[in-house]
Amino acid sequence: MVTCKPSPGGIRYKELVHDEVEDRPPLEILAELRQIEQEILQGIEELEGMLR
């Protein structure tokens, strides 16, 4: 995507080129977060075991 943006002087325009962004499906992101959460909980349990 190309956008024209006024320069600070207000007279000339600078062409800005934006990269295309591909979004991941929300359910895929949530599934990854649940997996990370499980790894964190497992680590907490292991730490608690070491402290006993």
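Confidence varies along this predicted model. Strand 1, residues 2-6, has the lowest mean pLDDT among the elements of the protein chain, at 58. Helix 1, residues 26-51, has the highest, at 98. Where pLDDT is low, the predicted coordinates should not be read in detail. Across the protein chain, pLDDT averages 86, and 79% of the residues score at least 70.

Now follow the fold. The protein chain holds two strands and one helix. Along the sequence they come in the order β-β-α.

Next, the surface. The protein chain has 52 residues, and 0% of them count as buried. Its accessible surface is about 5,500 Å². Carbon and sulfur atoms account for 58% of that area.

One part of this surface is a nonpolar patch. Its members are Leu27, Ile29, Leu30, Leu33, Ile36, Ile40, Leu41 and Ile44. Together they offer about 720 Å² of accessible area. Take Leu27, which sits in helix 1. Its relative accessibility is 69%, so Leu27 counts as exposed, the cut-off being over 50%.

Charged side chains come next. Side chains of opposite charge can pair when their charged atoms come close. The whole structure contains two salt bridges. Arg24 pairs with Glu28, with the closest N and O atoms 3.0 Å apart. Arg24 also meets Glu32 in a salt bridge, at 2.4 Å from N to O. Arg24, Glu28 and Glu32 are thus linked in a network.

How open are these residues to the surroundings? Arg24 is partly exposed, at 40% relative accessibility. Glu28 is partly exposed too, at 42%. Glu32 also counts as partly exposed, at 36%.

Methods
Residues numbered from 1 in each chain as written. Predicted model: local features only at pLDDT ≥ 70, side-chain atom pairs only at ≥ 80, totals over all residues. Heavy atoms only, no water. Helix = DSSP H or I, 4+ residues; strand = E, 2+ residues; numbered from the N terminus. Buried < 20%, exposed > 50% of the residue type's maximum accessible area, 1.4 Å probe, protein only. Areas by Shrake-Rupley, 256 points an atom, 1.4 Å probe, with all protein chains shown as cover. pLDDT = per-residue confidence, 0-100. Patch = residues over 30% accessible without salt bridge, like charges linked within 9 Å, V, L, I, M, F, W, Y side chains within 5 Å. Salt bridge = Lys/Arg side-chain N within 4 Å of Asp/Glu carboxyl O.
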